[in-house]
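These are my notebook entries from an afternoon spent looking things up in one structure. I wrote each entry as I went, starting with charged side chains and ending with aromatic rings.

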Amino acid sequence: MVRLSVSRHATRSRSQPYRKQPQVRAIDAAQSFDSESKQSENLHRCKSLKIGVVGFGNFGQFLTKRFIYGGHTVIATSRTDYSDEAVGLGATFFGDVHDFCEEHPDVVIFCTSILSLESTMYNFPFQRLKRNTLFCDVLSVKSFPKQLFQQILPSHFDILCLHPMFGPDSGKDSWQDLPLVYDKVRIGVDDSRAERCASLLRFFELQGCRMVEMSCEEHDRQAASSQFITHTVGRMLGTMELAETTISTKGFDSLMSLVDNTYHDSFDLYYGLFIYNENASAELARLELAFDQVKGQLFGRLHELIRREHFGEQIKGADARNLK
Ligand code: NAP
């Protein structure tokens with residue numbers, strides 16, 4: 001059995017100051033919901049797919065709701081029994097992963113936690129699927145699932161890595177202009193395979209997503225300084241338990257919305273962003289250094305003031321002697 005070794009240690013040293021990367025933003029404000037009529041008008045442009053969701057937790061259910069709304073059929077499987085939730089959303093739940101595979105979905109999307117992807121994959125009965133199946137993931141790190149898929153999946157499966165850069169909080173209303181990063185890692189040359197991949201991508205496009213084609217490696221490089229730092233700061237502020245005040249500024253409201261958009265995500269997700277993105281520890285070190293520098297500026301000036309208050313006359317004298 002081939003196991004991936006995932007480096008926890010950052011390989012990139014960065015002396016450049018932070019620069020905003022306009023292509024990818026981790027958190028975006030929710031915008032107004034598109035009208036139902038406009039959505040249904042667009043449906044005929046998008047081929048209906050049978051989509052199999054593996055991992056029916058928070059994000060799996062969030063995606064399912066939209067897939068069904070977009071006219072696709074969804075079957076789901078997960079470690080926990082989510083039969084009732086599936087019925088509520090209009091999906092079909094299979095507690096047995098073999099039964100799930102024997103339903104022969106066109107697309108299988110892994111929505112498991114980053115930490116459990118490898119074990120879930122190794123226990124997944126691929127042989128029960130159609131030989132022509134499109135494999136996707138929506139993990140918030142990208143190089144790790146890409147490498148795992150390439151190592152484990154038989155060559156007759158197509159591979160499309162996805163990262164909707166929003167979640168149940170930031171994308172609860174509209175997905176308009178929210179980034180969807182994708183990497184067509186391996187799509188067969190047949191028209192039907194290309195069309196299936198295009199149909200899935202078109203679904204996100206029709207929901208209003210800003211489509212960003214990007215390699216998984218580039219995604220991880222950029223996401224470490226945007227998404228991981230966003231989650232880290234959101235968690236730090238959430239841990240402070242800041243409360244609304246009657247005189248809150250717009251800046252403070254933005255901080256509170258950052259907490260809302262990150263603090264409710266599972267710790268597994270956050271830990272996965274750290275441990276399965278080799279760029280994350282360097283960014284954490286840069287954040288820590290920046291915090292120390294800012295604190296250093298404050299205390300540096302304060303210490304100077306106190307020093308002058310206590311030793312003002314002696315300092316003046318010493319300065320004068322040094323000048324001689
Ligand atoms: P999560 O904590 O990252 O993942 C929860 C899912 O992982 C559940 O379906 C859970 O199954 C499954 N899982 C956890 N441990 C498992 C194990 N040992 N064995 C098998 N399955 C296990 O929370 P999430 O928010 O739902 O995220 C799911 C995926 O979507 C993650 O890869 C995340 O990076 C990605 N994503 C999330 C967001 C977001 O905003 N939340 C945005 C974009 C992408 P059970 O519930 O059955 O236990």
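**Entry 1: charged pairs**

In what kind of contact do the side chains of Glu 217 and Lys 146 meet? I am working with a predicted model, and in it I found that these two side chains form a salt bridge, at 3.2 Å from N to O. The pair links distant parts of the chain, since Glu 217 sits in helix α8 (residues 216-239) and Lys 146 in helix α6 (residues 143-152), 71 residues apart. I then looked up accessibility and noted that Glu 217 is partly exposed at 38%, whereas Lys 146 is buried at 15%, because the limit for buried is under 20% relative accessible area.

My next lookup was the pair of Arg 196 and Asp 158, another salt bridge, whose closest N and O atoms are 3.1 Å apart. Here helix α7 (residues 191-206), which holds Arg 196, is linked to strand β6 (residues 158-164), which holds Asp 158, across 38 residues. I recorded both Arg 196 and Asp 158 as buried. I also noted a network in which Lys 146, Asp 183 and Glu 217 are joined by salt bridges that share partners.

Arg 128 and Glu 102 gave me a further salt bridge, with 2.9 Å between the closest N and O atoms. Arg 128 lies in the loop between α5 (117-122) and β5 (134-137), and Glu 102 in helix α4 (residues 97-102), so I wrote them down as linking distant parts of the chain, 26 residues apart. Both are partly exposed, Arg 128 with a relative accessible area of 33% and Glu 102 with 43%. The count for the structure comes to 13 salt bridges.

**Entry 2: helix α8**

I returned to α8 and found a kink of about 55°, centred on Ala 223. Of the 24 residues of α8, 18 are buried, so I describe this helix as largely enclosed by the rest of the structure. After α8 comes Glu 241, whose phi is positive, near 55°.

**Entry 3: nonpolar cores**

Which residues have the most contacts inside the largest nonpolar core? This core has 34 residues, and my list reads Phe 110, Met 121, Phe 124, Phe 126, Phe 135, Phe 144 and Leu 153. Among the elements that each supply at least two residues of this core are α4, α5, α6 and α8. Another core lies apart from it, with 33 residues, including Phe 166, Leu 178, Leu 200 and Phe 203. I followed up Phe 110, which touches residues including Val 54, Leu 117, Cys 136 and Phe 149.

**Entry 4: aromatic rings**

My search of the whole structure for aromatic pairs gave 27. The rings of Phe 67 and Phe 203 have their centres 4.8 Å apart and their planes at 45°, so I entered the pair as tilted. Phe 67 lies in helix α2 (residues 58-69) and Phe 203 in helix α7, so this pair ties together parts that are 136 residues apart in sequence. For Phe 67 and Phe 204 the centres are 6.2 Å apart and the planes stand at 75°, so that pair is edge-to-face.

Are these three rings buried or exposed? Phe 67 is buried at 0% relative accessible area, Phe 203 is buried at 2%, and Phe 204 is buried at 0%. I closed the entry with the aromatic cluster that they belong to, whose members are Phe 59, Phe 62, Phe 67, Phe 166, Trp 175, Phe 203 and Phe 204.

How values were computed
Residues are numbered from 1 along each chain as its sequence is written. This is a predicted model: local features need pLDDT of at least 70, side-chain atom pairs count only at pLDDT 80 or more; totals for chains, interfaces and linings use all residues. Side-chain values use heavy atoms; hydrogens and water are left out. A salt bridge is a side-chain nitrogen of Lys or Arg within 4 Å of a carboxyl oxygen of Asp or Glu. Helices (H or I, at least four residues) and strands (E, at least two) are DSSP runs, numbered from the N terminus. Buried means under 20% relative accessible area, exposed over 50%, partly exposed in between (1.4 Å probe, protein chains only). The bend at a residue is the angle between axes fitted to the seven residues ending there and the seven starting there. A nonpolar core is a set of buried Ala, Val, Leu, Ile, Met, Phe, Trp, Tyr and Cys residues joined through side-chain atoms within 4.5 Å. Contact means heavy atoms within 4.5 Å. Rings of Phe, Tyr and Trp (its six-membered ring) pair if their centres lie within 6.5 Å; planes under 30 degrees apart count as stacked, over 60 as edge-to-face and the rest as tilted. Lists of a residue's contacts leave out its neighbours within four places in sequence.
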